[in-house]
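Grab a coffee and work through these exercises on a two-chain model. Each one gives a task, then a solution in steps.

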Amino acid sequence: MTYVRPNFRHPELPVNALGYTRKNYEGALSTLCAGCGHDSISAAIVQACFEMSIEPHNVAKLSGIGCSSKTPTYFLGNSHGFNSVHGRMPSVATGANLANRDMIYVGVSGDGDSASIGMGQFTHAVRRNLNMMYVVENNGCYGLTKGQDSATADRGSTSKKGEPNPFEPIDLVSVALQLGATFVARSFSGDREQLVPLIKAAISHRGFAFIDVISPCVTFNNNPGSTKGYAYVRDHLAATGTVDYVPFKQEITTSYDPGQSKEVSLHDGSVVHLHKADPHLDLASRRSALRLIKDYKAKDQILTGLLFMDEDSQDLHDIVGTCKTPLRSLTETELCPGQNVLDKLNDSLR
Amino acid sequence: MKKIKAVNDFVIKFANVNGTGSASANNMFAKSLFRMGLPVSPKNIFPSNIQGLPTWYEVRVSEKGYLGRRGGIDMMVCVNPQSMAKDINEVEPGGYFLYDSSKPLDLRLMRNDIHFIGIPLKDICQREYKDPRQQQLFRNVIYVGALAALLDIEFQVLADLVADQFRGKEKLITPNVHALELGFHYAREHFTCPLGIRVERRDAVGDQILLDGNTAAALGAIYGGATVAAWYPITPSTSVVDAYEKYCKRLRIDPGSGHKNYAIVQAEDELAAIGMVIGAAWNGARSFTATSGPGISLMSEFLGLAYFAEIPTVLIDVQRAGPSTGMPTRTQQSDILACAHASHGDTKHVLLFPATPKECFDMTAEAFDLAEVLQTPVIMLTDLDLGMNDNMSEPLRWDDKRHYRRGKVLTEEQLESMSERFGRYLDVDGDGIPYRTYPGTHATKGSFFTRGTSRDEYAVYTEDSEAYERNMQRLLLKWETAKQEVPAPELIEAGQSSRVGVIHFGTSRDATLEAIDMLADEGVAVDSLRIRAFPFSQVVDAFIDSHDIVFVVEQNRDGQLRSLIVNECEIDPKRLLPILHYGGMPVTARFIREKIAAVVKGDNVTPLHKKTGSKETNR
């Protein structure tokens, strides 16, 4: 945790297309433990939004309760944030999104928040293909209540003070795939090169974009017996490939051999390049992703990277057919049918 | 044998089997009397079941316009052998019992103090119709036709109703009218018509309408500008959102694009429903949910967040009998305390208590203004009786000049012109209500963090005791402001000096006012005050102050409104006498009259006397 952050920034900091510097994308000082993986994720979100030239105030950042859910305070200081109740961020995000479809919705949750108390809401946000980026900062433990195992803790994994966890973990990536999530990825907080392009692609995706980020808890779950600590994850990482995010209008110059790379278009015209390390991955097949996750797990490896994406995804607004104008911007004229209609109605009730 | 004789003043009850299509026939009966200018009050008494169990429909006809339950049955129409023994016993001496005489009546059930009218409904149907479903459906229409003869209902009124009901499905009109005629002629040929009870055309309805409270509330949400509805199905509130959707499909579709300017989400549970409502309201849309008691329990955590984080939230609670699953299809007014203080910590919510469909409409529309002006949850508490039954009501009215009151929301221009720092929870105007901004309003100004944890005036997280206390005090100040905003109580004075007062709310109104009339006939003058909202206005204190005896009528076991009055107005509990009715059926005038009379007469209180001492007169 850094108590003091100087206000000084280099006068010639690079600016993005909006003329903003990275500083415009920062938030308050983090109060998480020094070295917390969550802070790296916040930094990756800052970098992605800066590079994408997103208007910070056009982003709504929402979370539940827990260490992870504190993090929206630490990025995008000019965005409205909502720290809701434990595990119930997806419903608040759904309502917010219904009210104004034009904003970007960033949900940050934790493994306790999403895999236990909020499992129901998580699954239903997936089902509805809510247009949002949903990041789970997954450390396999409850930090704010001092280190209890969470539902994503691997069987046999031990936290700092704990016995080996006797229960099977819930793998949120597999759950999301099975429920029909239209964008599914996994990453590691310590791998910014992989995480930043994934965040960019997730933000550009229309529909529910899920990223499970393994994010070690340095205080309670970074010990030798833990399978979510820095050392273990670094030693057991495997990647689907290298992901490049290419914004719309930027010329695509690189090219890879067929079979070794995959291009996926996002609805706004930008493109994701996947330079495959594993030729067995078919980005358009849930089954392929689920099988690979299992295969790697059997080899004691954690498969990261973009795992699945549906290019033709339709979000909740598309599905239910709401108007293009944000609902919150409609006025009396459009909403209130007036006394004439009531007169007819009254007549029909006599 | 005694014969009940009454014109335009009786209670008739139908005993049917759930799921046999009796509802529309019974409804047609009630509506025919309404169209003859007679006030009617129909009530469905149905089981928590889809098919097969006994279900009843009770209609009170009252030329004087009494719409509450009276108690007692003058005529029973029994088409359900399963409940026959019970049904026969309910009939008042001298009353009438119409039954299907296709099978002979069990002699053990006979009573010699009521009049039996046997009509072979099943036999007639089997003779006339081949299709089994038709045999079942038309049986109900036939007894309505018979009642037309027995009670002197104008046949043309029924024929017109059939024509209205089947507009667009014209080929159904003739067989239905035929079925009415079958019953009508059978009754004419076999019985002396009309009976002792009968109807005569009057003009006692005026321009009133027959409508259920849930539909009225749904229309209120449409007129009030709600664009997001999130809900989870639960009896007896389900028809609120069903009706909202039905009318949105007619009134809220963009004719050009076919797009909807509304969104309805059937959530995975009540927790998600209220979360969506809160999220939408936070982002500037008017949103609401409808639920019942068990839903309130689940929504409580989020309601606390909405109270503390000050997010406009509109909730319609159609109460049923609790606790727990209670009696899902029976009525009560027992969510008062659960709603007033929903959530942990020091929490108070604005409550609205409508008594008629017109008020359901008005108060729902008003709830959106109140919620946004006060930046807090507003819960409208109706109940099954009002929500699911057709109730006579003033027609619905909307002032086309009316504008929505969106409360204190800063625009981009206002933020731009501000030189000082925006403070989300600053009490700028001294009324306890701060200013808010919608997400995305301004590039650099006006953003803030919404949270359920304590924060300072600038929405910055803090655990500082003083900041916390300042915030909690401001919320109390806002509560005081709310008293000026919510609907005022309705005072009805006895017309002469009275020491006795009755406080009531919601659907207890009709029975209470009728009971007061009964007491007036006995020489006991009673004033009444109908509470229409929480927080209570000063009028409540003044009313209690100016009466020696004050009754509080409510449909729950524990006197929840009374507790709230005692608590909020700091009234000596001994000053408020509870009248509690909680069996799940709507309270009757007879019940209230008896309770008041027992005390007033038993205490030998002569209400018209002046009291000695400091309080010479009451008013």
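**Exercise 1. Long-range contacts and overall build of chain B**

Task: work out what share of the contacts in chain B with a separation of 6 or more comes from residues 24 or more positions apart.

Solution. Step one, settle the term: a contact means heavy atoms within 4.5 Å. Step two, read off the share: residues 24 or more positions apart account for 76% of those contacts in chain B.

Before going on, some ground rules: this is a predicted model, where local features need pLDDT of at least 70, side-chain atom pairs count only at pLDDT 80 or more, and totals for chains, interfaces and linings use all residues. Residues are numbered from 1 along each chain as its sequence is written, chains are lettered from A and ligands numbered from 1 in the order in which they are written, and side-chain values use heavy atoms, with hydrogens and water left out.

Step three, count the elements, taking helices (H or I, at least four residues) and strands (E, at least two) as DSSP runs numbered from the N terminus. Chain B comes to 19 helices and 23 strands. Its radius of gyration is 27 Å, close to the 25 Å that the globule rule gives for 619 residues, so chain B is as compact as a globular protein of that length. (The radius is taken over C-alpha atoms, and the rule is 2.2 Å times the number of residues to the power 0.38.)

Step four, look at burial: 61% of the 619 residues of chain B count as buried. Here buried means under 20% relative accessible area, exposed over 50%, and partly exposed in between (1.4 Å probe, protein chains only).

**Exercise 2. Now chain A**

Task: how many helices and strands does chain A have, and which radius of gyration goes with its 350 residues?

Solution. First the count: chain A has 12 helices and 13 strands. Next, its radius of gyration is 21 Å, close to the 20 Å from the globule rule for 350 residues, so chain A is as compact as a globular protein of that length. Along the principal axes, the C-alpha atoms of chain A fill a box of roughly 75 × 50 × 50 Å. Then burial: 58% of the 350 residues of chain A count as buried. Finally, 71% of the chain A contacts between residues at least 6 apart in sequence join residues at least 24 apart.

**Exercise 3. The interface**

Task: find how many residues of each chain meet, and which chain A residues lose the most area to chain B.

Solution. Start with the head count: 55 residues of chain A are in contact with 66 residues of chain B. Together the two chains bury about 5,000 Å², with carbon and sulfur atoms giving 60%. (Buried area is the accessible area, 1.4 Å probe, that two parts lose on being put together, summed over both.) In chain A, the residues losing the most are A:His80, A:Arg328 and A:Arg350, together 15% of what that side buries.

**Exercise 4. Around helix H5 of chain B**

Task: which elements do the buried residues of H5(B) pack against?

Solution. List the buried residues of H5 (residues 155-165): B:Val157, B:Leu158, B:Ala159, B:Leu161 and B:Val162. Their partners in chain B are helix H1 (22-35), helix H4 (132-151) and helix H6 (173-190). Now check the loop between H4 and H5, where B:Asp152 is found. B:Asp152 isn't a glycine, yet has a positive phi of about 70 degrees. With a relative accessible area of 32%, B:Asp152 is partly exposed.

**Exercise 5. Backbone oddities in chain B**

Task: where are the prolines B:Pro194 and B:Pro535 found, and what is omega near for the peptide bond leading into each?

Solution. Keep the background in mind: most residues other than glycine have a negative phi, and most peptide bonds are trans. The bond from B:Cys193 to B:Pro194 is cis, with omega near -5 degrees, and B:Pro194 is found in the loop between H6 and strand E8 (197-198). The bond from B:Phe534 to B:Pro535 is cis too, with omega near 10 degrees; B:Pro535 is found in the loop between strand E21 (533-534) and helix H17 (538-545).

Task: is B:Ser343 buried or exposed?

Solution. Place B:Ser343 in the loop between helix H11 (336-340) and strand E14 (350-352). B:Ser343 has a positive phi of about 95 degrees. At 18% relative accessibility, B:Ser343 counts as buried.
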